[in-house]
Amino acid sequence: MSKVKVATMWFSGCAGCHMSLLDIDEVLIDLAGRIEFCNSPVTDLKVFPEDGVDVTLIEGAVANEEHLHLVKEARAKSKILISMGDCAVTGNVPGLRNGLSPDKMIEDIYGKDTTTNGELPYDVVPHLLDRVRPVHEVVPVEYFLHGCPPPAGVIAKAILALLDGKEPELVGEDLKFG
Ligand code: SF4
């Protein structure tokens, strides 16, 4: 049986959602036989397979030009996109900077820093977007996993339900998996 290809991505977030993903403990052993982890911060593979993946889980909000490029690539190369965690779903903590000027923030941080001689580091730091955006504001998303972070059990249920071909049901405002 061919394995389901899964990618994960980390945009503007604290990595807590990936920690929750890794916290699914023994379910990871079950998953290891059924899925192939492709591009992910928790693997050495950092580029999307040219032929795409079945599922991509995205942690974090879209905050800079690099995220914008990567989220569009993820959408184009994934059958299913999942927003994982409140930063991806709503903008959450990274969105608190909305309303401030990104250029002024960069100038305030780096312009007065003696270690950079006042040079703005745009050769290595991607330009910030005017507004931090939840993922679904930029590209269509199939499923949303709420929480900061979503509990490990919810992430595990979601992945297992998708692998088993089950459609999650909408209960109240939440998705119920399996
Ligand atoms: Fe971190 Fe919470 Fe954002 Fe996940 S949703 S990246 S745990 S702040």
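Where is Ser 40 found? In this predicted model, Ser 40 is found in the loop between strands β2 (35-37) and β3 (53-59). With a relative accessibility of 1%, Ser 40 counts as buried, and its side chain is joined to that of Thr 8 by a polar contact of 2.7 Å.

## The surroundings of the ligand

The shell around the ligand is made up of Gly 13, Cys 14, Gly 16, Cys 17, Glu 59, Gly 85, Asp 86, Cys 87, Asn 92, Gly 147, Cys 148 and Pro 149. The elements that contribute two or more residues to this shell are the helices α1 (16-22) and α4 (86-90). Sorted by class, the shell holds 5 nonpolar, 5 polar and 2 charged residues.

Two members of this shell, Cys 148 and Pro 149, are joined by a peptide bond that is cis, with omega near 0 degrees. Pro 149 has its place in the loop between β7 (143-145) and α6 (152-163). Most residues other than glycine have a negative phi, and most peptide bonds are trans. Set against that background, the cis bond from Cys 148 to Pro 149 is a feature to inspect in the backbone.

Asn 92, which also belongs to the shell around the ligand, has a phi near 45 degrees, a positive value in a residue other than glycine. Asn 92 sits in the loop between α4 and α5 (102-111), and with a relative accessible area of 28% this residue is partly exposed. A positive phi is also found at Ala 15, where the angle is near 80 degrees. Ala 15 lies in the loop between β1 (4-10) and α1, and at 13% relative accessibility Ala 15 counts as buried.

## Salt bridges

How many salt bridges does a search of the whole structure find? The search finds 8 salt bridges, and three of the pairs are set out below.

| Pair | Closest N to O distance | Relative accessibility of each residue |
|---|---|---|
| Lys 77 and Glu 73 | 2.9 Å | Lys 77 17%, Glu 73 23% |
| Lys 104 and Asp 108 | 2.9 Å | Lys 104 47%, Asp 108 35% |
| Glu 137 and Arg 131 | 3.4 Å | Glu 137 42%, Arg 131 35% |

Side chains of opposite charge can pair when their charged atoms come close. Lys 77 and Glu 73 are 4 residues apart in helix α3 (residues 65-77), so they are separated by about one helical turn. Within this pair, Lys 77 is buried, with a relative accessible area of 17%, whereas Glu 73 counts as partly exposed at 23% relative accessibility. The pair also takes part in a wider arrangement, in that Glu 50, Glu 73 and Lys 77 are linked in a network of salt bridges.

Lys 104 and Asp 108 are likewise separated by about one helical turn, because they stand 4 residues apart in helix α5. In this salt bridge Lys 104 counts as partly exposed at 47% relative accessibility, and Asp 108 counts as partly exposed at 35%. The third tabulated pair joins Glu 137 to Arg 131, with the closest N and O atoms 3.4 Å apart; here Glu 137 counts as partly exposed at 42% relative accessibility, and Arg 131 is partly exposed with a relative accessible area of 35%.

## Buried and exposed nonpolar residues

Is Ala 74 buried or exposed? Ala 74, which has its place in helix α3, is buried, with a relative accessible area of 0%. The C-alpha atom of Ala 74 is separated by 9.5 Å from that of Leu 57, a residue 17 positions away along the chain.

On the surface, by contrast, which residues make a nonpolar patch? Met 19, Leu 22 and Val 42 together make a nonpolar surface patch of about 250 Å². One of these residues, Leu 22, is found in helix α1 and counts as partly exposed at 37% relative accessibility. Helix α1 is also one of the elements that give two or more residues to the shell around the ligand, so that the helix is represented both in that shell and, through Leu 22, in the nonpolar surface patch.

How values were computed:
Residues numbered from 1 in each chain as written. Predicted model: local features only at pLDDT ≥ 70, side-chain atom pairs only at ≥ 80, totals over all residues. Heavy atoms only, no water. Near = heavy atom within 4 Å. Nonpolar A, V, L, I, M, F, W, Y, C, P; charged D, E, K, R; others polar. Buried < 20%, exposed > 50% of the residue type's maximum accessible area, 1.4 Å probe, protein only. Patch = residues over 30% accessible without salt bridge, like charges linked within 9 Å, V, L, I, M, F, W, Y side chains within 5 Å. Areas by Shrake-Rupley, 256 points an atom, 1.4 Å probe, with all protein chains shown as cover. Salt bridge = Lys/Arg side-chain N within 4 Å of Asp/Glu carboxyl O. Polar contact = N/O pair within 3.5 Å; in protein donor to acceptor, adjacent residues only side chain to side chain.
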